[in-house]
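Trainee: I should like to take a close look at one strand of this protein and then see what surrounds it. Please describe that part in detail before moving outward to the rest of the chain.

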Amino acid sequence: MSSSAAAPGANLKIDGSRLWDSLMEMAKIGPGVAGGNNRQTVTDADSEGRHLFQKWCEAAGCTMGLDQMGTMFARREGTDPDALPVYVGSHLDTQPTGGKYDGVLGVLAGLEILRSLNDLNIKTKRPIVVTNWTNEEGTRFAPAMLASGVFAGMHEQDWAYARTDAEGKTFGAELERIGWKGDEPVGARKMHAFLELHIEQGPILEAEGKDIGVVTHGQGLWWLEVTLTGKDAHTGSTPMNMRVNAGLGMARIMEAVHTIAMDHQPAAVGAVGQANVYPNSRNVIPGKAVFTIDFRSPDLAKLTSMRERLEAEAAEIAEGLGLGISIEPVGHFDPVTFDPDLVTTVRAAAERLGYSHMDIVSGAGHDACWINRVAPTVMVMCPCVDGLSHNEAEEITPEWAAKGADVLFHAVVETAGIDG
């Protein structure tokens, strides 16, 4: 991915106060109970947020495309309408107790780029398309990054439509109900490049005092669901040597997860975030335990090694305690290497603007991780307070938002090319 376009001047910046006002306006839709947002995918609140975004895009002179997964594409024409467009964006859906910036910053920064180009009367050679990907969060309908996954050919569309929520409603029916199921075939669009701005969702940039994270890689992931089967028994009257304790097995495997991740340092993490014992009664030794292990690393060899070692050690632990065991992979993607030329473009943009920056690996999955399979892709990150995200207390500063959007602006304009 190379660009022969001239770099924009250092004085080229977005309107930071307008971007912040847009973020605050969008945050009024689907308010959370503690200052954040609950605008889950394909809900009425999601529909309302989409209508506001569409209104803003049309006011900026864009045409709106909509595909069969409900992904929105706001296009600003270039002087060469036949040139492949530069895409920029993220997602507007949130967690049930989500923040105001996760995903939303990337979509509205893309809109702000178009508004700023209009203000400055700058024409780009390539069209620019601002994208709102449907169901990035995956909290109501698993898995995460659902629409971008269908776009990149990772999931079948019918399979995506059939995903169900906790109430048994299907994604496809809910998308149709809220009126955002488009006609455009998913994945039909060809991209010159895709760029995504996102809050870091981790503590590194703030701790290092850096304005910008230049994202070089995305971590790969294994989610492994472990089921241990023992025997329910009374906690008071069952002798210790006669117990088949699934809870004990879970505890020992959880300890092994931590040890395995520590043994693969640096650039490897592992934890159990979801765990249940059955029957989950105070005076019953658990006869069953079901829990999910989350291993991540940007290094495929480490990711593979952690999974293999866990499977071997977990089997030994189960055998030693007389437990039955099954391990089912329930989520996976390989590590992502973002386009080196686009990474260079982003790094140069930060330097040109005089913003402090560092290379960083994305710890979370993003739409860019799937789109990277079908187009040259890069991510830009800005700090967030205490690294907190997927929480209503998620916070960034207007300055962080503006600097991240400025770097995105420069990288998008350089990639699209200025006409004249």
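Which residue in β4 stands opposite Val 88?

Mentor: The residue opposite Val 88 in β4 is Val 130. Please bear in mind that this is a predicted model. Val 88 also has a partner in another strand: its bridge partner in β5 is Leu 195. It therefore makes sense to describe β3 through these two pairings, since strands count as paired if at least two bridges are found between them. With β4, which spans residues 128-132, β3 runs parallel, and 5 bridges join the two strands. With β5, made up of residues 193-199, the pairing is again in the parallel sense, here over 3 bridges.

The connection from β3 to β4 deserves attention as well. Together with helix α3, residues 104-119, these two strands make a β-α-β unit, and that unit is right-handed.

Next, consider how β3 is covered. The strand comprises residues 86-90, and 5 of its 5 residues are buried. This holds for both faces: Val 86, Val 88 and Ser 90 are buried on one side, while Tyr 87 and Gly 89 are buried on the other.

Beyond β4, the chain contains a cis peptide bond, from Ala 142 to Pro 143, with omega near 5°. Pro 143 belongs to the loop that lies between β4 and α4 (146-151).

Another pair of strands offers a contrast in direction. β1 (residues 63-66) and β2 (residues 72-76) are joined by 4 bridges in the antiparallel sense. Within this pairing, Leu 66 faces Met 72 of β2. The two strands form a hairpin with 5 residues between them, and in its turn Gly 70 has a positive phi of about 85°.

Now to the wider organisation. The chain is divided into domain 1, covering 16-218 and 335-416, and domain 2, covering 220-333. Their centres, taken over C-alpha atoms, are 35 Å apart. Across the boundary, 9 residues of domain 1 are in contact with 9 residues of domain 2. The two domains bury about 580 Å² between them, and 74% of that area is on carbon and sulfur atoms. On the domain 1 side, Pro 335, Gly 363 and Trp 370 supply 59% of the area buried against domain 2, more than any other three residues.

The UniProt record, an unreviewed entry, annotates residues 219-318 as "domain: Peptidase M20 dimerisation". This span is 37% helix and 34% strand, and its end C-alpha atoms lie 29 Å apart.

Strand β11 may be set beside β3. Residues 288-297 form β11, and 9 of its 10 residues are buried. β11 is joined to β7 (residues 220-229) by 10 bridges, and the two strands run antiparallel. One such bridge links Leu 221 to Arg 296 of β11. β9 (residues 269-278) also runs antiparallel to β11, with 9 bridges between them, and here Asn 276 has Val 290 of β11 as its bridge partner.

Helix α9 (residues 300-321) contains Ala 314. Ala 314 counts as buried because its relative accessibility is 0%, and the limit for that term is under 20%. Apart from neighbours within four places in sequence, Ala 314 is in contact with Ile 253, Ile 325 and Ile 327. Its C-alpha atom is separated by 8.4 Å from that of Gly 249, although the two residues are 65 residues apart along the chain.

A few backbone details remain. Most residues other than glycine have a negative phi, and most peptide bonds are trans. The peptide bond from Gln 265 to Pro 266, however, is cis, with omega near -5°. Pro 266 sits in the loop between α8 (246-263) and β9, and Ala 267 is found in the loop between α8 and β9 too. Phi of Ala 267 is near 65°, a positive value in a residue other than glycine. With a relative accessible area of 41%, Ala 267 is partly exposed. His 390, likewise not a glycine, has a positive phi of about 55°. It lies in the loop between β15 (377-382) and α12 (398-416), and His 390 is partly exposed at 41% relative accessibility.

Methods: Residues are numbered from 1 along each chain as its sequence is written. This is a predicted model: local features need pLDDT of at least 70, side-chain atom pairs count only at pLDDT 80 or more; totals for chains, interfaces and linings use all residues. Side-chain values use heavy atoms; hydrogens and water are left out. Buried means under 20% relative accessible area, exposed over 50%, partly exposed in between (1.4 Å probe, protein chains only). A crossover is right-handed if, with the strands pointing away from the viewer, the path from the first strand over the helix to the second runs clockwise. UniProt positions are given in the numbering used here, feature names are shortened, and annotations may be inferred rather than shown by experiment. Domain bounds come from an automatic or database domain assignment. Contact means heavy atoms within 4.5 Å. Buried area is the accessible area (1.4 Å probe) that two parts lose on being put together, summed over both.
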